[in-house]
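Colleague: I should be grateful for a guided discussion of this structure, with the reasoning set out for each answer.

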Amino acid sequence: MSARRLLILAEGYSGDPHYGKTMRGVLRYRREDVVAILDSQRAGEMEDGIPIVADVDSSLCFGPTRALVGVATQGGRFPPAWRELLKACIRHGLGIENGLHEFVADDPELAELARRFAVELLDLRRPPAGLDVPSGANLELPARIVLTVGSDCAIGKMTVSLELDREARARGIASCFVPTGQTGIAIAGWGIAVDSVVSDFIAGAAERLVVEGHERGGELLLVEGQGAVSHPAYSGVTLGLLHGSAPHVLVLCHRAGATEVDGYPGHPLVPLPELVELHERISLTRRRAVVACVALNTRGLSDVAARTAIADTEEETGLPAGDPVRFGAGPLLDAVLARL
């Protein structure tokens, strides 16, 4: 099997921290797999030491073997111009890894082209067969389960889970990051995108994931959170994930200074102390989860302002707080372990 050498497709989005989050996540946690980034608007620049190219032809000198869709567009569909971009990748022998809701393998034209050029079309969000409701195996695992939850979407729940996993592994703990979204799957190489699962089976999918995480050797399972329970659009996936993963401990994630749901003006965020109580109350009655700490996303703040925000959060919630990317995940992991 050829090595995974990724050309990240980020046309028009490589500079966008929100819609380019798949690209950014893979660059941070699987940078060794990436050989080039495609974005004609930034051709000739570098991103974290990786060259940005204008088109597929310009990437070939770096020897890519696969093309990863590195964007998360609103609604999960391809911009119209991307069809030609995907065709160009296939014609140059590059398999496609796609995390959008629009499946490339279901497109007859792309599928036929992939057959002709003998490349794989992999849809990361396609649910596996045989999903069902939980069986109770989530409550029988001899593992400790930690789930990240949030005040909003796209604020760093995956990042916090990965940083806690890194820190745990550095301490010699048998830790496993459990991916529940397309970017996490692209990083870890396994998982289920729970936002593509039939709603009745989300909890069952989450149970399957924690069972697999334990089978992969995880004694401490760091489950990637999705959505937000108070979000006007994406609350459904959050509750199913909470009940199906049956966590012992929760880590509450929040963007420092945010007051409204992103993209929904007029929808105020629930105050952090209320979110702590809410998440604990809606956890399974057979396993009441506790919020151990608050992980803050302080991007855009100075170090002084970030530390002030952390101190204010600790005073507001009575819980340890920190930014694991900026200041390290150690204190947050300490808080998690203390509650397990």
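**Strands, helices and loops**

Modeller: In this predicted model, V251 has C293 of strand 12 as its bridge partner.

Colleague: How many bridges join strand 11 to strand 12?

Modeller: The pair formed by V251 and C293 belongs to this pairing. Strand 11 spans 249-255, and strand 12 spans 290-297. The two strands run parallel, and the number of bridges joining them is 7.

Colleague: How many of the 8 residues of strand 12 are buried?

Modeller: A residue counts as buried when its relative accessible area is under 20%. Strand 12 is mostly covered by that criterion, and its buried residues number 7.

Colleague: Is G300, in the loop that follows strand 12, buried or exposed?

Modeller: G300 lies in the loop between strand 12 and helix 10 (303-317). Its C-alpha atom is separated by 21 Å from that of L162, which is 138 residues away along the chain. The relative accessible area of G300 is 77%, and the cut-off for this class is over 50%. G300 is therefore exposed.

Colleague: In the open sheet of 7 strands, which strands stand at the edges?

Modeller: The strand order is 3-4-2-1-5-6-7, with mixed pairing. Each edge strand has a single partner strand, so one side of each is left without a neighbour in the sheet. The edge strands are strand 3 (46-47) and strand 7 (121-123).

Colleague: Which residue of strand 5 stands opposite I8?

Modeller: Strand 1 comprises residues 6-9 and strand 5 residues 66-69. These strands pair in the parallel sense over 4 bridges. Opposite I8 stands L68.

Colleague: Is helix 3 roughly parallel or roughly antiparallel to helix 4?

Modeller: Helix 3 covers residues 82-91 and helix 4 residues 108-117, and their axes lie 9 Å apart. The packing angle is about 15°, and angles under 35 degrees fall in a single class. Helix 3 is therefore, with respect to helix 4, roughly parallel.

Colleague: How many charged residues are there in the contact of helix 3 with helix 4?

Modeller: Helix 3 contributes R83, L86, K87, I90 and R91, while helix 4 contributes E109, L110, L113, A114 and F117. Of these residues, 6 are nonpolar and none is polar. The number of charged residues is 4.

Colleague: How does helix 7 lie relative to helix 8, and what is the handedness of the crossing?

Modeller: The axes of helix 7 (residues 202-215) and helix 8 come within 7 Å and cross at roughly 45°. That angle makes helix 7 oblique to helix 8. The contact involves I202, A203, A206, E207 and V210 of helix 7 with G236, V237, G240, L241, G244 and S245 of helix 8. Helix 7 is thus oblique to helix 8, and the crossing is right-handed.

Colleague: A118 and A246 each have a positive phi. Which of these residues counts as buried?

Modeller: Most residues other than glycine have a negative phi. A118, with phi near 55°, lies in the loop between helix 4 and strand 7, and at 70% relative accessibility A118 counts as exposed. A246, with phi of about 50°, lies in the loop between helix 8 (235-245) and strand 11. Its relative accessibility is 2%, so the residue that counts as buried is A246.

Technical notes
Residues are numbered from 1 along each chain as its sequence is written. This is a predicted model: local features need pLDDT of at least 70, side-chain atom pairs count only at pLDDT 80 or more; totals for chains, interfaces and linings use all residues. Side-chain values use heavy atoms; hydrogens and water are left out. Two strands pair if DSSP finds at least two bridges between them. Axes are lines fitted to C-alpha atoms, for helices over the stretch in contact, and angles run from 0 to 180 degrees between N-to-C directions. Angles under 35 degrees count as roughly parallel, over 145 as roughly antiparallel, 65 to 115 as roughly perpendicular and the rest as oblique. Contact means heavy atoms within 4.5 Å. Ala, Val, Leu, Ile, Met, Phe, Trp, Tyr, Cys and Pro count as nonpolar, Asp, Glu, Lys and Arg as charged, and the others, Gly among them, as polar. Buried means under 20% relative accessible area, exposed over 50%, partly exposed in between (1.4 Å probe, protein chains only). A crossing is left-handed if the near helix is turned anticlockwise from the far one by less than a right angle, and right-handed if clockwise.
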